[in-house]
Amino acid sequence: MSCQVLVLNSGSSSIKFRLFDSQANGLELLHKGQIEGLGTDARFIAGAEPVDLPAATNHISALQFLLEWLQPRLDRDKPLVVGHRVVHGGTDFSLPVRVTPEVIKELKKLEPLAPLHQPHNLSAIEALSQLDSSLPQIACFDTAFHAGHGKPVDQFALPRALYDEGVRRYGFHGLSYEFIASALRSTEPELARGNVIVAHLGNGASMCALKQGRSIDSTMGFSALDGLAMGTRCGSIDAGIILYLLQEQNLNTQQLSDLLYKKSGLLGVSGISNDMRVLLDSPAASAREAIDLYVHRIVREAGGLTTMLEGLDGLVFTGGIGEHAAEIRQRVCERLGWLGIELDQQANAENSHVISSADSRIKVCVIPTNEELMIAQHTLETLAAEQTNPQSLAIGK
């Protein structure tokens, strides 16, 4: 399908965008940037010189500014379509889907499961609908790549009725993992056919076990709080702590949510920052403690995923920390040396594609993720499928 695809990743205070042009030989990136500081000191960044926006800029006015900025840069002979990252698809949406009022209504029900992301993902969709109701919009889900896990992987040891109501492990960062699986097929085809752990390490962090390119398990579960320690999120936590905070510390639900989502992780342990770069440069003992815990949780989860895979052929680092923090990669690989991992220190320091030594039994790679490209591809595929079979996208399954 020949068109231009605007990809949006909307957060609470920012909107990241990419504009792609679909051509016979694939998708070409035309423009990229972001609008940050929504509600405070908003500014538009696309190129060398940021543009200050009115302080009252919200999602609607920000997107209106973006559409106006794009107008002279669009190919008038090609239609524009929009693809959105939506964190949670729940049990009903395991494939990308064209957005309708009914779809929005169902996705809003999932906001409590991803309170840092889902409301803001949907706010961009609703804002664009107000600005141009004729603009086709496609929702692409972070949970979709993990949708085939099934029991017992996605099951908690809770009463069965809760599972039927949707209380189950979903997994996230699926668009990133899907891209990595695709990249491995083209750059490391032999490895792509084997057992691989992908570590998506950023402010949000998780790991995924890939068997022949398919997700068979991941560290995140019911919500994006689970698994690894993150920038401001706690990761896995004893449910008894939640009861203690509610009953003994008398936290209300909003205070508890703020603690677990915004005040924990690297920030909470270090008391300094959620930015790994700051912590790696800090001489403070608390910074080292936060890093030690971060690495410990990665190593522990890697052991569990290796068992699920029944062996390991490759380890891939991606995400902001995974792609750039050589010290974190080194420490993780040293702790996993018993698996047969040996690093090439120079390659690791240079963030090379392959950072394991020639003698390493496990191949270790650094692959920059590209969730936006994945969303653009899904957007085109979804529209093409809709034209072929209009009924195929009715419920996104």
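At 62% relative accessibility, Gln212 counts as exposed. This residue sits in the loop between β10 (205-211) and β11 (214-218), and its phi angle is near 55°, a positive value in a residue other than glycine. The model is a predicted one, and Gln212 serves here as an entry to its backbone features. Asn250 can be described in similar terms: its phi is near 60°, again positive in a residue other than glycine. Asn250 belongs to the loop between α7 and α8 and, with a relative accessibility of 58%, counts as exposed. A further backbone feature concerns the peptide bond from Lys151 to Pro152, which is cis, with omega near 0°. Pro152 is placed in the loop between β8 (137-141) and α4 (160-164).

The elements α7 and α8, which flank the loop of Asn250, lead on to the pockets. The second largest pocket has a volume of about 640 Å³. Of the 19 residues that line this pocket, Phe222, Ser223, Leu225, Ile242 and Leu260 are the closest to its centre. Two elements, α7 (239-247) and α8, give two or more residues to the lining of the second largest pocket, and α8 gives the most, with three residues. By class, this lining has 14 nonpolar, four polar and one charged residues.

The largest pocket has a volume of about 1700 Å³. Its lining comprises 49 residues, of which Asn9, Lys16, Arg85, Asn203 and Gly204 are the closest to the centre. Several elements supply at least two residues each to the lining of the largest pocket, including the strands β1 (4-10), β2 and β3 (26-36) and the helices α3 (118-131), α8 (253-262) and α15 (371-388). The largest share, five residues, comes from α12. In the lining of the largest pocket, 13 residues are nonpolar, 24 polar and twelve charged. Helix α8 thus appears in the lining of the largest pocket and also in that of the second largest pocket.

Enclosed space is a separate matter. Rolling a probe the size of a water molecule over the atoms shows where empty space is left. The structure holds one cavity of 30 Å³ or more, and the volume of the largest cavity is about 30 Å³. The residues lining the largest cavity are Ala229, Gly265, Leu266, Val269, Ala290, Leu293 and Tyr294. Helices α9 (265-270) and α11 are the elements that give two or more residues to this lining. Six of the lining residues are nonpolar, one is polar and none is charged.

Tyr294, one of the residues that line the largest cavity, also belongs to the largest nonpolar core. That core has 59 residues, and those with the most contacts inside it are Leu201, Tyr294, Phe317 and Ile328. Helix α11 provides the largest share of the core, ten residues. The surroundings of Ile328 can be followed in detail: not counting residues up to four places away in sequence, Ile328 touches Met276, Leu280, Ile291, Tyr294, Val295 and Ile321. A second, separate core of 30 residues includes Ala183, Leu184, Cys208 and Val316.

The charged side chains complete the picture. Side chains of opposite charge can pair when their charged atoms come close. A search of the whole structure finds 13 salt bridges. In one of these, Asp21 pairs with Lys78, the closest N and O atoms being 2.8 Å apart. Asp21 lies in strand β2 (residues 14-23) and Lys78 in the loop between α1 (59-70) and β6 (80-86), so this salt bridge ties together parts that are 57 residues apart in sequence. Asp21 counts as buried, at 7% relative accessibility.

Helix α11 enters again through Asp292, which forms a salt bridge with Arg331, the closest N and O atoms being 2.5 Å apart. Because Asp292 lies in helix α11 (residues 285-309) and Arg331 in helix α13 (residues 326-335), the pair ties together parts that are 39 residues apart in sequence. Asp292 is partly exposed, at 38% relative accessibility, and Arg331 is also partly exposed, with a relative accessible area of 22%. Another salt bridge joins Arg277 to Asp275, with the closest N and O atoms 2.9 Å apart. In that pair, Arg277 is exposed, with a relative accessible area of 63%, whereas Asp275 is partly exposed, with a relative accessible area of 24%. Finally, Lys108, Glu111 and Glu126 are linked in a network of salt bridges.

Terms used. Residues are numbered from 1 along each chain as its sequence is written. This is a predicted model: local features need pLDDT of at least 70, side-chain atom pairs count only at pLDDT 80 or more; totals for chains, interfaces and linings use all residues. Side-chain values use heavy atoms; hydrogens and water are left out. A salt bridge is a side-chain nitrogen of Lys or Arg within 4 Å of a carboxyl oxygen of Asp or Glu. Helices (H or I, at least four residues) and strands (E, at least two) are DSSP runs, numbered from the N terminus. Buried means under 20% relative accessible area, exposed over 50%, partly exposed in between (1.4 Å probe, protein chains only). On a 1 Å grid over the protein atoms alone, a cavity is a set of points where a 1.4 Å probe fits but cannot get out, and a pocket is an open set with protein on both sides within 12 Å along at least five of seven lines; lining residues have an atom within 4 Å of a point. Grid points are joined across faces, edges and corners, and a volume is the space filled by probe spheres set on the points. Ala, Val, Leu, Ile, Met, Phe, Trp, Tyr, Cys and Pro count as nonpolar, Asp, Glu, Lys and Arg as charged, and the others, Gly among them, as polar. A nonpolar core is a set of buried Ala, Val, Leu, Ile, Met, Phe, Trp, Tyr and Cys residues joined through side-chain atoms within 4.5 Å. Contact means heavy atoms within 4.5 Å.
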